[in-house]
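Dear colleague,

Please find below the structure that I am handing over to you. My notes on what was found in it follow directly after.

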Amino acid sequence: MIDHSAQRQFDWGLLLLVLFIGIVGVIVLYSAAASEFDSVQRMLFAKQIIWLGIGLALMVVSLLFNYKSLDGWAMLIYCLNIALLIGVLFWGKEAGGSRRWLPLGPVAIQPSELMKITITIALARYYAKHVSVEGLTPRTLFMPMVLVMIPFALIVGQPDLGTAMLILLIAASMTIFVKIEKRTSFALIGIFVTLVPFVWAFFLKSYQRQRILTFLNPDRDPLGAGYHIIQSKIAIGSGMIFGKGFMKGTQNALAFLPEQHTDFILSVLAEEWGFVGTGVLLLLYLLLIIWGISIAYQCRDAFGIILAVGISAMMFWQVFINVGMVMGLMPVVGVPLPLISYGGSSVVTFMLGVGILINISIKRLGI
């Protein structure tokens with residue numbers, strides 16, 4: 001049922017903050033794409049504006065309904081997203097050695113990106129009904145593990161280890177927030193430590209192991225697996241305090257920096273805007289995450305609290321992994337920087353998350 005209360009109360013500060021980050025993203029993307037020799041690449045910033053518009057429209061649509069109705073829709077949304085992930089395996093579009101995109105008419109969507117919001121909604125629904133003072137037990141943790149491992153396995157099979165790990169981190173953050181029984185926590189840690197060598201030997205593909213080894217020592221293969229990290233560090237370091245200026249980055253202009261419009265776009269920003277510009281962007285992200293946690297703190301029902309925490313965790317981990325990746329502090333796993341990196345599905349997912357946060361912010365006041 002459509003709820004018109006959003007017209008009477010609105011979190012304009014959160015919206016303006018997100019729009020400002022989006023504008024910064026379009027500006028940086030213009031510079032990153034303008035250096036590409038392919039004319040199609042040079043138009044990426046225009047496509048990004050269109051995706052921002054679509055994301056904004058979907059965000060407005062998400063405000064027409066009470067977020068509490070997502071409780072009833074959670075499993076339907078989950079099943080539809082799983083169906084899309086299965087569809088990728090059969091009809092997905094392959095690019096760069098991965099099959100992650102599902103063609104739908106003139107556009108292609110990335111269901112793994114949408115799963116970040118989907119799993120947050122599904123877990124919030126479950127945990128809101130099973131939260132207790134003692135914490136979650138092995139019995140109550142079984143269903144969340146099933147809900148998480150199904151999309152995790154499908155996404156890893158694409159392969160997209162970065163998004164799969166991001167889903168695990170979101171789920172882990174929500175689970176820890178809800179609280180786990182102490183004995184269960186120790187048991188889970190023991191299982192995790194035991195499984196690590198088996199995952200390394202039998203689960204990870206050779207190129208994924210290579211990325212981890214390269215993270216530990218980028219110079220072991222400077223023209224191969226370590227090239228991304230080395231060039232990214234050069235770009236970041238050359239920006240120094242105030243940067244070289246808009247569209248004046250040499251690493252960017254000469255196309256030395258791989259994936260400069262997607263996963264490594266922060267390196268472009270750091271080279272052109274320096275430490276100050278990068279620091280301002282990270283402060284904006286920090287403010288956004290704190291804003292989300294504040295909404296959760298002031299919410300009045302368990303579902304809304306856990307949902308807001310999950311969306312805030314999604315924002316935090318995506319920024320944390322991307323920044324660590326481009327600085328060589330984490331392995332290269334292909335996680336975009338929210339609203340800065342090019343990518344339609346990523347933009348739409350993030351804007352939907354913001355829309356849900358604003359929805360919770362409105363309803364938390366009892367309107």
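Two helices count as roughly antiparallel when the angle between their axes is over 145 degrees. This matters for the pair formed by helix 5 and helix 6 (residues 138–156), whose axes cross at roughly 175 degrees and come within 11 Å. Helix 5 and helix 6 are therefore roughly antiparallel to each other. On the side of helix 5, the contact is made by Ser-112, Met-115, Ile-119, Leu-123, Tyr-126, Tyr-127 and His-130. Helix 6 contributes Arg-139, Thr-140, Leu-141, Met-143, Pro-144, Leu-147, Val-148, Pro-151 and Ile-155. By type, the residues of this contact of helix 5 with helix 6 are twelve nonpolar, three polar and one charged.

Please note that the model is a predicted one. The protein chain has 367 residues, and 51% of them count as buried. Its secondary structure consists of 14 helices and three strands. Among contacts in the chain with a separation of 6 or more, 73% are accounted for by residues 24 or more positions apart. The accessible surface of the chain amounts to about 17,100 Å², and carbon and sulfur atoms hold 73% of that surface.

Helix 13 (residues 302–326) takes part in two further packings.

The partner in one of them is again helix 5 (residues 111–130), where the axes lie 8 Å apart at an angle of about 145 degrees. The crossing of these two helices, helix 5 and helix 13, is right-handed. Helix 5 brings Lys-116, Ile-117, Thr-120, Ile-121, Ala-124, Arg-125, Tyr-127 and Ala-128 to the contact, while helix 13 brings Ala-302, Phe-303, Ile-306, Leu-307, Gly-310, Ile-311, Met-314 and Gln-318. Eleven nonpolar, three polar and two charged residues make up the contact of helix 5 with helix 13. Tyr-127 of helix 5 thus appears in the contact with helix 13 and in the contact with helix 6.

The partner in the other packing is helix 7 (residues 161–178), with an angle of about 135 degrees and axes 9 Å apart. That angle makes helix 7 oblique to helix 13. The crossing of helix 7 and helix 13 is right-handed. From helix 7, the residues involved are Leu-166, Leu-169, Ile-170, Ser-173, Met-174, Phe-177 and Val-178. They meet Ile-305, Ile-306, Val-309, Gly-310, Ala-313, Met-314, Trp-317, Gln-318 and Ile-321 of helix 13. The residues in the contact of helix 7 with helix 13 comprise 13 nonpolar, three polar and no charged.

Three individual residues may also be of interest to you.

Ser-312 belongs to helix 13. Its relative accessibility is 3%, so Ser-312 counts as buried. Apart from neighbours within four places in sequence, Ser-312 is in contact with Ile-289, Gly-292 and Ile-293.

Thr-118 is found in helix 5. With a relative accessible area of 4%, Thr-118 is buried. Residues up to four places away in sequence aside, Thr-118 touches Ile-77, Tyr-78 and Asn-81.

Ile-86 is part of helix 4 (residues 70–91). Its relative accessible area is 37%, and Ile-86 is therefore partly exposed. Although Ile-86 and Pro-151 are 65 residues apart along the chain, their C-alpha atoms are separated by 9.3 Å. Pro-151 is also one of the residues through which helix 6 makes contact with helix 5.

Yours faithfully

Methods: Residues are numbered from 1 along each chain as its sequence is written. This is a predicted model: local features need pLDDT of at least 70, side-chain atom pairs count only at pLDDT 80 or more; totals for chains, interfaces and linings use all residues. Side-chain values use heavy atoms; hydrogens and water are left out. Helices (H or I, at least four residues) and strands (E, at least two) are DSSP runs, numbered from the N terminus. Buried means under 20% relative accessible area, exposed over 50%, partly exposed in between (1.4 Å probe, protein chains only). Contact means heavy atoms within 4.5 Å. Accessible areas come from the Shrake-Rupley method with a 1.4 Å probe; for residues, only the protein chains shown count as cover. Axes are lines fitted to C-alpha atoms, for helices over the stretch in contact, and angles run from 0 to 180 degrees between N-to-C directions. A crossing is left-handed if the near helix is turned anticlockwise from the far one by less than a right angle, and right-handed if clockwise. Ala, Val, Leu, Ile, Met, Phe, Trp, Tyr, Cys and Pro count as nonpolar, Asp, Glu, Lys and Arg as charged, and the others, Gly among them, as polar. Angles under 35 degrees count as roughly parallel, over 145 as roughly antiparallel, 65 to 115 as roughly perpendicular and the rest as oblique.
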